[in-house]
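Work through the exercises below with the coordinates open beside the text. Each exercise sets a task and then follows a solution step by step.

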Amino acid sequence: MTTVLRCTDLAAGYTKGRPCVRGLDIELRSGEVLAMLGPNGAGKTTALLTLAALLPALGGTIEVNGTPLRPGDARGASRAGLVLVPDNRALFTTLTVAENLRLAVPGRRRWPGERDRILGWFPRLGERLKVAAGALSGGEQQMLAIGRALAQHPSVLLVDELSMGLAPVVVERLLPVMRQVANDTDTAIILVEQHVQLALGVADTALVLRHGEKALEGDAGELAADPQRIEQAYLGEHTVPGGGVVPAVHVDAVQ
Ligand SMILES: Nc1ncnc2c1ncn2[C@@H]1O[C@H](COP(=O)(O)OP(=O)(O)OP(=O)(O)O)[C@@H](O)[C@H]1O
């Protein structure tokens with residue numbers, strides 16, 4: 001597997017000189033699924049927006065397939081194959097499912113083939129092609145948002161909180177599809193996710209951001225088997241008299 005995305009010492013944020021993400025290194029190979037985890041406000045969305053160059057990096061470098069991206073060059077990032085599914089899903093709510101998909105398919109690609117490829121991952125959308133996107137359920141809207149992103153044949157797909165507003169049972173069905181997409185297409189995927197165990201169940205690797213810095217990274221399966229490490233990375237740890245280290249909150253508190 002080749003490295004498709006490499007970011008080194010990335011600093012990201014909204015004000016020059018005041019990064020809210022610092023020193024972030026990521027190396028992602030084709031077909032690899034990375035779960036980016038961390039508590040609210042840790043900087044996950046900021047990191048994704050910066051990788052997609054929708055926010056100019058405040059420091060560090062981002063390379064896609066060995067080519068450096070210019071900070072804030074969103075068009076260049078998209079041409080290089082970085083595609084973001086934002087947490088608001090960014091659909092044309094008054095257009096139908098078919099129209100939303102059609103608009104995402106570059107002209108040179110044949111529409112029916114592309115549509116059928118996407119419906120292969122999301123057959124439910126096939127039953128809803130003539131329905132306005134705004135009338136879909138939350139899960140169907142998420143399928144459509146991901147389908148639109150896949151129509152662009154990304155080499156790196158960045159998915160911000162797939163589970164936002166969805167029932168856990170829907171998330172349980174959707175996350176494995178992301179694994180399937182990575183397997184089928186060799187697309188590398190970064191999943192920003194609050195459902196820690198579900199995300200670890202489909203990812204190859206995981207990292208935890210806390211206060212804008214990487215607090216933990218490793219093999220997803222190993223981390224899934226050791227929830228206390230995740231919990232400590234989320235919540236920090238404090239020492240108790242006698243020198244022991246205890247997590248601040250019980251492991252079940254981390255979804
Ligand atoms: N548009 C913005 N302008 C200024 N600061 C922002 C903006 N958006 C987010 N922030 C700040 O950046 C920091 C990181 O936020 P970010 O949304 O990246 O975290 P997150 O890990 O994605 O959190 P959540 O899980 O709640 O979405 C926070 O301190 C947040 O208040």
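How many bridges join β9 to β10, and do the two strands run parallel or antiparallel? The model is a predicted one, and in it six bridges join β9 to β10, with the two strands running antiparallel.

**Exercise 1. Follow β9 to the strands on either side of it.**

Step 1. Begin with the connection to β10: the two strands form a hairpin with two residues between them, and His-211 in the turn has a positive phi of about 50 degrees. Within this pair, Leu-207 stands opposite Glu-217 of β10.

Step 2. Turn next to strand β3 (residues 33–37), which pairs with β9 in the parallel sense over four bridges; here Leu-34 stands opposite Thr-205 of β9.

Step 3. Finally, examine how covered the strand is: five of the six residues of β9 are buried, so that the strand is mostly covered.

**Exercise 2. Reconstruct the sheet that contains β9, and identify its edges.**

Step 1. Written out in order, the open sheet of six strands reads β6-β7-β8-β3-β9-β10, and its pairing is mixed.

Step 2. Because β6 (82–85) and β10 (213–219) each have a single partner strand, they stand at the edges, and one side of each is left without a neighbour in the sheet. From one strand to the next, the twist averages 15 degrees.

Step 3. At the β6 edge, the pairing with strand β7 (residues 156–160) is parallel and extends over four bridges, with Val-85 opposite Val-159 of β7.

Step 4. Add the helix: α10 (residues 227–235) packs on the sheet, where it touches β9 (205–210) and β10, and its direction makes about 30 degrees with that of β9.

**Exercise 3. Describe the four-stranded sheet and the helix that lies across it.**

Step 1. This sheet is open, has the strand order β2-β1-β4-β5, and is antiparallel in its pairing; β2 (21–29) and β5 (67–68) are the edge strands, each pairing on one side only.

Step 2. Inside the sheet, strand β1 (residues 3–12) and strand β4 (residues 59–64) pair in the antiparallel sense over five bridges, and the bridge partner of Leu-5 in β4 is Val-64.

Step 3. Helix α1 (residues 44–51) lies across β1, β2 and β4, and runs at about 120 degrees to β1.

**Exercise 4. Determine how the two assigned domains meet.**

Step 1. The domain assignment gives domain 1 (3–81 + 156–183 + 192–253) and domain 2 (89–153), whose centres, taken over C-alpha atoms, are separated by 26 Å.

Step 2. The contact takes 10 residues from domain 1 and seven residues from domain 2. On the domain 1 side, β7 and α7 (168–185) each supply at least two residues, and the largest share, five residues, comes from α7.

Step 3. Sorted by class, that side of domain 1 has eight nonpolar, two polar and no charged residues.

**Exercise 5. Locate the largest nonpolar core and the surroundings of Val-159.**

Step 1. The largest nonpolar core has 79 residues, and those with the most contacts inside it are Leu-158, Val-159 and Leu-191. This core draws at least three residues from each of the two domains.

Step 2. Consider Val-159 more closely: leaving aside its neighbours within four places in sequence, Val-159 is in contact with Val-85, Ile-146, Met-178, Ile-189, Ile-190, Leu-191 and Val-192.

Step 3. As general background, nonpolar side chains tend to be buried together in soluble globular proteins.

Conventions
Residues numbered from 1 in each chain as written. Predicted model: local features only at pLDDT ≥ 70, side-chain atom pairs only at ≥ 80, totals over all residues. Pairing = 2+ DSSP bridges. Axes fitted to C-alpha atoms, helices over the stretch in contact; angles between N-to-C directions. Contact = placed C-beta atoms within 7 Å. Domains from an automatic or database assignment. Nonpolar A, V, L, I, M, F, W, Y, C, P; charged D, E, K, R; others polar. Core = buried A, V, L, I, M, F, W, Y, C linked by C-beta atoms within 7 Å. Buried ≥ 20, exposed ≤ 12 C-beta atoms within 10 Å, placed from the backbone.
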